[in-house]
Structure formats: C-alpha cells, structure tokens
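Trainee: Could you take me slowly through one buried loop position, and then through the neighbouring topics that help me read the rest of the model? I would like a connected account rather than a list.

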Amino acid sequence: MMQKSPPSLISLAGGIPNPNTFPFKMATITTRDGTAVDIGEDLMKRALQYSPSAGIPELLSWLKDLQKSLHNPPTAKYSPDQGQMEICVTTGSQEGLCKVFEMLINPGDNILLDAPTYPGTLAAVKRPLGCNIINVPSDQHGIIPKALKEILSRWSPEDVRKHNNIPKFLYTIPNGGNPTGTSLTTDRKKEIYQLARQYNFLVIEDDPYYFLQFDKPWAPTFLSMDVDGRVIRTDSFSKILSSGLRIGFLTGPKPLIDRVILHIQVSTMHTSTFTQAKKGFLEHVDRVVEFYKTQQDAMLAAADKWLKGLADWHAPAAGMFLWIKIKGVSDTQQLIMEKALQKEVLLVPGGAFNIDSSVPSSYVRASFSLSSPAQMDQRYYKGGASVSMYGLQEQAYKGNSSLHCVSSTPEEGSLAEKKPSVIMISGGMPNPNHFPFKTASFTIEDGTTIEIGEALMKRALQYSTTEGIPELLSWLKDLQMSLHNPPTAKYSPHQGQMEICITPGSQDGLSKVFDMLINPGDNVLLEDPSYSGTLSALKPLGCNIIKVPANKHGIIPEALKEILSRWRPEDAKKQNNNLPKFLYTVPNGSNPAGTSLTADCKKKIYQLARCYNFLIIEDDPYYFLQFEKTKAPTFLSMDVDGRVIRCDTFSKILSAGLRLGFLTGPKPLIDRVILHMQSSTMHTSTFSQASAIAQLHNYLTGLFLKTKCFILLCIQHSRTNSRKAPICMQILISELLHKWGQKGLLEHADRVTAFYRTQRDAMLAAADKWLKGYSNYLLGVMHIPQKHVVLDTVITSILDEMDLSSPV
C-alpha cells in the first residue's frame, strides 16, 4: 500500500521504528581486490530498516536477470496464473526449503528423495511433518530414472487423475550431492522431468553447489526444462560469497512462491539485503571453482595413494565431498565414533545420511573444502595417533575404530578450535579464504568506529553455532541477569534453568515457539486486540484462540480468571485436559493498543498460570521504550517455575533490518527451539543481503544497490525459520555491546526513549487539538500509553458523509 501511495502521504499506520535513532551511521567494506564499498548515512538508514518480505526490489530484479541468463526458464514468459517464474530471498536456502516443505506436506503424504541425502533435509521432513519418505535408488550419476519409474508404477493413471496419494514431490540435490558428490546427467534429468509430468508431482531442485561445478558448460537444470511450473529451485550464496550472510533464494511458480512469502511474513519477516552484478559475479565464481577443483584433485590423489585397494570412490563433478566406501567394513559408525579424538581426524559416517540412521553403512563422507593438500596427504602423528587420509588407511587395515566423526554442522568448528591438531575432512563448511569480503569498518553515532579485521571477518562470514556466537550469548545472559534477575538463572538444567538463543528477529523466535508448543485443537490465550503478525502465525496451526479482554492497563486478571473457571485447577494434573497451553501477551506498549501491564496485574496473571499450569509467552519488543524511568518488573523476573518464554529484540533501538532477536526461557524448551533452527534458518544471519548486494554490484555495474541489511554485516538475521542467526551480524552487535557495556546500551535506550516520548506527546497534542469534541463521530477516548508509540483511538461511529480529508 505504501509503495503505491503518493509522496505527500503522511503515514501514521506502520510500526516502523525511526531510523534516526539507530546507532550505526556509516560503513566501509573492503573486498579482497582492495575495492572499498562505502555505505553512506542515507543508505545506512535504509539498510537498517524493515524491508519487503520477498526481498529488496533491486536484489530481486538482479536475481531474476541472473536466473534468466543461467537457466532461461520457459515459465519466465508465462502469466502469473500460468505459473510465471517468481523469486523470493530467504535466510539461507535451508530456510527456503523448510518453508516449502511446510507449505506442501500434510501428515501421511508420500514424498520421494534419493538417500543417502543431506541430514538437514531429513530433519526437516521426517518426524516434524509426518510424511512417508520413499527412497529412490541412485548411483554415481544420481537418481536412477528406471528405479524411479518402477516405484511410480505402484500408482495407476486413474490414481494420478484422482490425486490418490501420489507423491507430492521429488527432492534432489542435482549437482555435487551431499554427501555423495554425485551429479545428475542431462539425460537423466529429462527422464525424471517427464515422469514428474506423467505422475503430476513437483520437483524440488536443491542446488547449493550449482556454482561449484568443475566442468563447463554447466549442466542444464530442471528449472531450464520446466514448461509446467512444477519446479521449485533453491539457490544459495553460502558457498561462494559467505555462509554467515544467510542469503538464499527460491525460484518457482508464482502461486507457490507467494505462499512462501506469506510464511516469511509471520516468521523471519524478511531476509537482510544488498545487491548487484553478473559478469563480475560469475568471474568470482570461476575463481572459487578453480580453488575447489584443486582441492578435489589433492584429495583424490591422497585417496589414490593411501586407500587404493581398501576403499572405492568416484570423482565428484561438483561440490566439496568425496563419498568413500570402506571395503570389508559393514558399518562405519563404530569405526569412526569409538575412539573419537584419539586419532584426530574428523569424518562423517554414512549412516548419518540415511533415512533411517540406524541402518548400517559402509561409507564415510570426506570434505575437501578446508584441509590443505598437505594435510590430506601427510601422515600426522600426535599421541601415537595417525591422522589424515593415511590414518584412514591404517585403521582400515586394522579393522578397528579410530576415526572421529561429528555431525556436519558448524559446531564441529568449535571442536577443531579446542584441538588445533585436528584435521577436518568432515564438515560441509566452505573455505573462508575465498569469500570476497576482507575487512569492515562501522561508524556509530558518537563518531567512534567498530573495526572488523581480516581474521574476524573470516569468522563472521562462516557458519556459526545455531544458538548464537558465545560472546554475544554471554553478554545477553549477563544483560538478562542485570535487568530481570530471573530465579531460574540459579536452577539446574533439568529444573528449567534459564537459557538463551539468538533468532533472526523476535518474530522468528515466536514462530518457532508456536510450532514447538501447539497441536491442532489446542487452546491458547491471547489478549484482545493483539498483534496481527501473531494472529497470522497462530491460525495455520489449527489452535483455538481464546480472547482475553483488556483495558488501558492490558489484560484484565479478573476476566482471565473467569475464562479459566471453565476448567478446575485439579484438571491441570490430568492428561488430555485441553487446558490452555499458554497465554501470549505484549506486556509493554502493546501493539496495537499501546497498553502496559502493571506489576500487580502481572503478579495475578502469573499466579493464575501456576494454578492452571499454562506457560506465559512474554513478547516484549518495546521493553526498552518505556517512558517512565523505573521499568516495570517482567514475568521473567517472577518466574519461579520455568514457565515463561520471553522474546526480546534490538529492532526498535539498534536496527530493524538487522533481524536480531533473542529468546529467554527454560533450557528444555529453548533447546527444542534450537533444534528447530538447525533444520530451518540454521542460525541468525550476519552479513546478509546487504553485503551480497554490495559485492554483486561491485562486480559489475556502478549501480550500487543498497538495501536493507547490509549492515548486516553485522546486523542481520544471523532463516527467518532458519538454522541460525547470521554470525556476521552477531559479531557486529557483540562488538558494539562489548564496546558500550550494559551502561552504554541503557544510555542509548534512554536517548531513543526520549525521542519517542517527544513523538508521543506531539501525537497526543494533535489528537487533543483535532479530535476533542467530536463525540458524535469519533470518541477521542485515549489513554496515554506508558510505553511504545501506538495511540489506540476508539471509534464509536463514522458518518458515511464525513469528510475524511478535513483536518479532523
């Protein structure tokens, strides 16, 4: 609506923070070729603000041109109702995949995939969505069309016409598959696409290693063959620009992509941004491919030297993995796990990639992204242990367990940091030496700078731990202790000890909490009126929303008690009692009413929660914008049971575009949220769209597109439903907060609050001037909000003939 409005429009509608209150003023990013990308003050304001859920227009336009250039999809020329090609930006391709799966799958649906496959995909579809996974056999060239055809023969043409539980989709990694390194041939893709047309299923083309194909010309994609609008393609910049940026994008038929965008609106809201350039971008890709091709050659040489006759493998055509079958070993799980760090070689057993991980596998996955050629070849000796590929050979001879495996996640990096002698040939982490960004400098409001040097930048651009980087987590825990002093901080983990995780904005954290807690038919309590984003997130989950009346002080405890009287307190001890699962509230400066709960009301509500055994979700985005100096005690500060999950955000005081929020609650529940993130956003972003855009631009034209989150560099969503909050952003925020200390943060919050207090007073004065006395048309019954900036005006009646263009 805003985009279609005239420039003269004065908007009092949006809950968008004022960018003049954000502390970041300017930034300079230096790339590896020495080029400096400057983000001026005006552009920085845009970068720090909210953006459209689909992505910033400049980046979307650039990506559409890129897809047309690389794939020339037939659907690009279609009309929207015919399945026209559409694109949206996501917080990493994993978040896009997760949202696609949630959009398409109902419990009991059949889906097709070729296993072994990426564990993140299995985690996203297996148990959470309740579908039936049908494994399609594959070989060194990927899915075998003949085997797929045989599986599909279970359904008749009549079944297809009636949609009689035919598979919803086929999921595949067509290039450099993880873990096998296999790549589908063009002929096989054509055969598979024809089967998809015949049996009317979708093809989900997950192609994170597309830009890492070692031979040219690159193989045609399913998207390039898609005449029906049945292909959804996921792409990622994680392997070539930065995995810490958390930038991916979905391409597919507009009706389906539009539904994904709706999902993003109620979870991650949007991805951090920045854009531009094609020729230079592809030249950078060529340099990265050359590096990985050299790495692959080194690993193949080492394998041929030390494993010949002991194992089988094939040379991958793309990606960063070698899939090795150990001869004479029926299951590599024990081989790898039993003696862990003693041998100091990190590998992944093949069973980790099976649909049923308990099924024995004689394979291991090795990655050639991070280890040097010398490390791959040499025999290292530490504590009597052999390492590298030679260590693998030695133990294959002995037939005993000696290699160490960790799951293919960024957490393995922390293990290597603790033991520098560990040689990592396990993880799927890209090599940060070939990301284009080198250093960054951010100027904040007081004129001082935050410098991100080369070593820190490499870390910022890499995958991070799902829950957040340790420095930022530690700082936030200290902050929560200082502000709220929750009783649960002193508890043991099994008692509900306070835990924290970082999310791509508090909205993403809320969405994951709802997904974790709610089953269809559950009762949940919401203050009325309530934030529209919360309502949009809850309705698809099939719960019963019970509205709790509120007044100028928020939820009315007596009204809540009356609602709860439908149940008896003793019912809380029974299973299947259908008591409300939780109460959701925005306790300070609520959106839209601007109300704030008093301390007495909170105490009464918390006692009702204890009596009827429900959780309290304390969504407090305006906590730092309380206009009175003494801040009201929070539900978290009263929580003696471990029944409060608190959502905080820096969107209103540091940057909305950073997409940085954090959840605080009992460890057992926060740990489950972290598991959800691992299979969706992976972690909160860090550099994100801003850097991607800035770099892409730099590569080709002089159209430097700025956008919302370059600041990302530090500020972003370190998926939106995603695996983690971008590390780059986490590092930037962590550096700022450590520079400020708690005192500095609260002083900044006071300055922001003073600005919004002035804004509030101006709005109240205008309301008093123009609405007073219009009781026949407008009842200016306005309580003065103690927090936030929403003025809730109750309209009793509006005459049809009223002139809305008048000063009133």
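Mentor: Thr75 counts as buried, because its relative accessibility is 3% and the limit for buried is under 20%. This residue belongs to the loop that runs between α2 (57–71) and β3 (85–90). Leaving aside residues up to four places away in sequence, Thr75 touches Gly83, Gln84 and Met85, and it also touches Asp226 and Gly229. Please keep in mind throughout that this is a predicted model, so every value I quote is computed from it.

As a background for that single position, the protein has 808 residues, of which 59% count as buried. Its secondary structure comes to 25 helices and 31 strands, and its accessible surface comes to about 31000 Å², with 52% of that belonging to carbon and sulfur atoms.

Other loops deserve a look at their backbone. The peptide bond from Ala115 to Pro116 is cis, with omega near 5°, and Pro116 lies in the loop between β4 (110–113) and α4 (119–125). A cis bond is also found from Asn178 to Pro179, where omega is near 20°; here the proline, Pro179, sits in the loop that links β8 (169–172) with α7 (186–199).

Two asparagines have a positive phi although neither is a glycine. For Asn165 the angle is about 55°, and this residue is placed in the loop between α6 (157–161) and β8. Asn165 counts as partly exposed, because its relative accessibility of 37% falls between the 20% limit for buried and the 50% limit for exposed. For Asn578 phi is about 60°, and the residue is in the loop between α19 and β26 (582–585); with a relative accessibility of 38%, Asn578 counts as partly exposed.

From β26 the chain can be followed to Asn591, which is found in the loop between that strand and α20. Asn591 has a relative accessible area of 21% and is therefore partly exposed, given that buried requires a value under 20%. Apart from residues up to four places away in sequence, Asn591 touches Ser530, Tyr531, Val586 and Tyr622. Asn591 and Pro621 are 30 residues apart in sequence, while their C-alpha atoms are 9.6 Å apart in space.

The two helices named along this path can now be considered together. Helix α19 covers residues 557–564 and helix α20 covers residues 599–612, and their axes come within 9 Å and cross at roughly 15°. That makes α19 roughly parallel to α20, since angles under 35 degrees are counted in that way. The crossing of α19 and α20 is right-handed.

On the α19 side, the residues that meet the partner helix are Pro557, Glu558, Leu560, Lys561 and Leu564, and on the α20 side they are Cys601, Lys604, Ile605, Leu608 and Tyr612. Sorted by character, the residues of this contact divide into seven nonpolar and three charged, with no polar ones.

To come back to your starting point, Thr75 is a loop residue that counts as buried at 3% relative accessibility, whereas Asn591, which also lies in a loop, is partly exposed at 21%.

Conventions. Residues numbered from 1 in each chain as written. Predicted model: local features only at pLDDT ≥ 70, side-chain atom pairs only at ≥ 80, totals over all residues. Heavy atoms only, no water. Axes fitted to C-alpha atoms, helices over the stretch in contact; angles between N-to-C directions. Helix = DSSP H or I, 4+ residues; strand = E, 2+ residues; numbered from the N terminus. Parallel < 35°, antiparallel > 145°, perpendicular 65-115°, else oblique. Left-handed = near helix turned anticlockwise from the far one by under 90°. Contact = heavy atoms within 4.5 Å. Nonpolar A, V, L, I, M, F, W, Y, C, P; charged D, E, K, R; others polar. Buried < 20%, exposed > 50% of the residue type's maximum accessible area, 1.4 Å probe, protein only. Areas by Shrake-Rupley, 256 points an atom, 1.4 Å probe, with all protein chains shown as cover.
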